[in-house]
Structure formats: C-alpha cells, structure tokens
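Me: I'm new to reading protein models. Could you pick one helix, take a close look at it with me, and show me where it sits in the whole chain?

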Amino acid sequence: MNRPGKEDTQFLKIQKDHAEEFLKLIKIKFSDVNIIDKRKKVLHSGSYVLFPLIKNRENVNKFIESDIFDLKFEIINTNGELDPNYKFRSIEEALADELPEDIIELIPKSYDVIGKIAIIEFDQFIALNIDKTSLYKKKVAEAIVKVNKGVETVYEKKSEVKGKYRLKDLQSIFGEDNPETIYKENNCMFKLDVKNTYFTPRLVFERKRLSLLNFAKNELIVDMFAGVGPISIQIAKSNEVNVYSFDINPMAYKYLIENVKLNKLKGEISAHNIDVATLINLSNELGTHLNDCVDRIIMNLPEQSIKYIDIACFLMKKIGGILHIYQFCEKPNPIEKGIENLRNKLNGKGWRLEEIINSKIVKAFSPKSDLIVIDAKIRYIP
Ligand SMILES: C[S@@+](CC[C@H](N)C(=O)[O-])C[C@H]1O[C@@H](n2cnc3c(N)ncnc32)[C@H](O)[C@@H]1O
C-alpha cells in the first residue's frame, strides 16, 4: 500500500554510469516530448538510478519503442514521491494530476498577487455542481500557493468593485483570513488591506508613467482619490514636489499615512481623510488655502471623476494647470468620448481644454467599455 504523499509511479531504471548519457540523449532526441516527471524525486538504488516517468502513456510508449538508445534500461513500477523543491510553472501544471482536464480548462488564466495574498475570480465555474465547485476552488487555491513564492492566502473575488470606497467582496478560500499585506512596486512599498481599501496591481505601468513625468521643483499636486497612496507616493519618491492626497475611506487614509512613513520620499505628502467635495465649502480652510493654487491634479475615480470637475476647477491655478483624469468610456471611440465629456464639463464652468498632452486606453474594463486616461492642460477663460 502507498504511504501518504506517495503514489504508484512508473520509473525508468538505468545503470548509474549511463544516467548522464541517457539524459543527454533524451534532451536531443525528445526535446519537444516530456518523458521524465520533473515534479517527482529521482530515486537511487544500489548501482541504479530510477527516473520517474510522466503519466502520459502514449509519450512514454513512443519513447520505449524507439530504437535510438543502445543503453540498457528497464521500466519498473514503485512508489514515487513529489519533490518538495520542484517549482511549478503554472497552476495548470500543478493541477495536472489532480483535476480533470475539462475543469483545468475552466481555471481563470489570470489572478492578482498582492504581496502574500492572491485574488482570483472563478467566473467560469458558475455552471458546475456546487459541492464539487468548492473542492475545485480549494485545489486551484493550493496550486496558486505552490506556484507563487510568498503567497500564503487566497481570496475569491465575489463582487465587482462597488460603493463609495470602491471595495470588492472577498471570500477566503485558502490560508489565514488576514487581508493585510505589503506590496512592492517600482521601488516603493505599500501596506494595505485588500478587503477594506481599494488597490489593484494592474495599474503598475500607469503609476510608473505618471511618476516619470516632468515635474517642476516644489510643484503643488493634488491626488484627489489617493487610496493607500500608490500614485502620490511613487511621484513623491523621486520628485521634489508637494502632494496633497485625499481619500474619503478612513482605512485607506490610515494606510496612506503609514505608507508615507514606509517610503523614503524626495517630496512631501500631506494626507487628508475627507470627501473632496467639501473642499469647495466656504468654511473649509484647506479648500480656501488650495483655491487657485494647484499646478496638477490627478483624478483616479474612473466611474465618477467627471462629477468632481468643479472641485478640480476650484483648486487649479486659473492661469492653467495639468489634469490627469481617468474615466470608463464606452466603445467604440472611448477616448473621443472621454475628451468630449471633459471638454463639455470644463466649458460649463468657464474653463477650457487648452491642450491634450496625452490620451490613451489604460486597459479594457468590460466588454463594452475601457479605462482611459487624458492628460490635459486646462485654464480659466471666462
Ligand atoms: C479607484 S480608487 C483609486 C485609489 C488610488 N488612486 C489607486 O490607484 O489605488 C478611488 C478612491 O477614491 C476614494 N474616494 C471616493 N470618493 C471620494 C471622495 N468624494 N473624496 C475622496 N475620496 C474619495 C475611495 O475611497 C477610493 O479609495
């Protein structure tokens, strides 16, 4: 009977003296066909080496029947054991012997890794039998942990990003249900809570792009919807600028403050836990202080940024400044639609879209719409 962790495996048994030559030959002659099961341990017995063979009988038989080897070998069956040091290259590979092929085809091709946490959405599993589904999800979660060094916890994404704080429902499917993690990106570190703060690793290149723009010394920047600070911090990391970072979510603010301390910054960040809409109130001292003073404003709340244009106009220098605005816009021609939205809103406030410095699709958002960004010079011309 097999011991736990062991399973009946077919091995190729060959004299130790011939093992090296054998390995060279299979590399040359069978380079495109996998014969040896690299996930399992190679065994040694007296003057013999035992190489574990893959389960695919067709490939193994092709190999056994080929007459290219003068070397003598024997095929035997004995207990095989997984090599704990083997690094799986994909979750599909890690699950090859554990799940039926039609289920493996339904495993999502991508998932997010944020420090020690992975987040996966099983949209293709919906039609499956409910009992088995949870078993399959657990197996996939285990495979994610095997494939990704450092990942300890896996959450299933159960809803779209929603609400004022832009959060998604997450359900723990593997490891400790602790949503706090530390994520490293572009030489910065971000502590965050995946359940109670917004964060996506998918904007890594966009944040890098923003941080590499040309900033004037002591430029005054407002990051209106800062979250845990990935944009503000990456800009202030390498630029001598003054950033005012706002977020309405108290948890995002808590981590924003921590992240400012965690990163050695060239610039200054002043963090505030408020609704940016209140900046326009006559009694708001910070709003009064920033009114007509800001050089650059970042608006990363794609579903609603456009609604806050009046706040941006209130803060921006009337002689002109730069706006980076993110929007979800419908296809076709999402960029044109985004520019039109912005132009109309600005014109309604006595402001003009002076120059589009850059505009692009950042990523697909849904089958019908894209996330776009417009970098634009705007100024007040009543
Ligand atoms: C899409 S997230 C972007 C966060 C961050 N910029 C990033 O890239 O990770 C938008 C953030 O805006 C915050 N937010 C939403 N409405 C707000 C408001 N009226 N005033 C300030 N922050 C707001 C949410 O709490 C959320 O953290």
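**One helix in its setting**

Reply: Let's start with the overall outline, keeping in mind that this is a predicted model. The chain has a radius of gyration of 28 Å, whereas a compact globule of 382 residues would come out near 21 Å. Along the principal axes, the C-alpha atoms fill a box of roughly 90 × 45 × 40 Å. Inside that box you'll find 11 helices and 17 strands. As for burial, 34% of the 382 residues count as buried.

How is the chain divided? There's domain 1 (6-81), domain 2 (91-178) and domain 3 (194-380). The centres of domain 2 and domain 3, taken over C-alpha atoms, are 32 Å apart. Those two domains do touch: 12 residues from domain 2 and eight residues from domain 3 take part in the contact. On the domain 2 side, the elements that give two or more residues are β5 (112-114) and β6 (117-120). β5 gives the largest share of that side, with three residues. Sort the domain 2 side by character and you get nine nonpolar residues, three charged ones and no polar ones.

Now for the close look, at helix α8, which covers residues 250-262. α8 has 13 residues, and from its first C-alpha to its last it reaches 18 Å, close to the 18 Å expected at 1.5 Å a residue.

Which residues of α8 are buried? They are A252, Y253, Y255, L256 and N259. Picture yourself looking down the axis of α8: the buried residues fall within an arc of 165°, so they line one face of the helix. Over on the other side of α8, P250 and K261 are exposed. If you want to check that in the viewer, look down the helix and find A252 and L256, which are among the buried ones, then look for P250 and K261 on the other side.

What does the buried face pack against? The buried residues of α8 have four partners: β10 (188-193), α7 (230-238), β12 (242-246) and β13 (268-272). So you've got a helix and three strands to look for around that face.

To finish, step back to the whole chain once more. Take the contacts between residues at least 6 apart in sequence: 65% of them join residues at least 24 apart. That's a handy number to keep in mind as you trace the rest of the chain.

Terms used:
Residues are numbered from 1 along each chain as its sequence is written. This is a predicted model: local features need pLDDT of at least 70, side-chain atom pairs count only at pLDDT 80 or more; totals for chains, interfaces and linings use all residues. The radius of gyration is taken over C-alpha atoms; the globule rule is 2.2 Å times the number of residues to the power 0.38. A residue is buried if 20 or more other C-beta atoms lie within 10 Å of its own, exposed if 12 or fewer, and partly exposed in between; C-beta atoms are placed from the backbone. Two residues are in contact if their C-beta atoms, placed from the backbone, lie within 7 Å. Domain bounds come from an automatic or database domain assignment. Ala, Val, Leu, Ile, Met, Phe, Trp, Tyr, Cys and Pro count as nonpolar, Asp, Glu, Lys and Arg as charged, and the others, Gly among them, as polar. The expected span of a helix is 1.5 Å times one less than its number of residues. The arc is that of the directions from the helix axis to the C-beta atoms.
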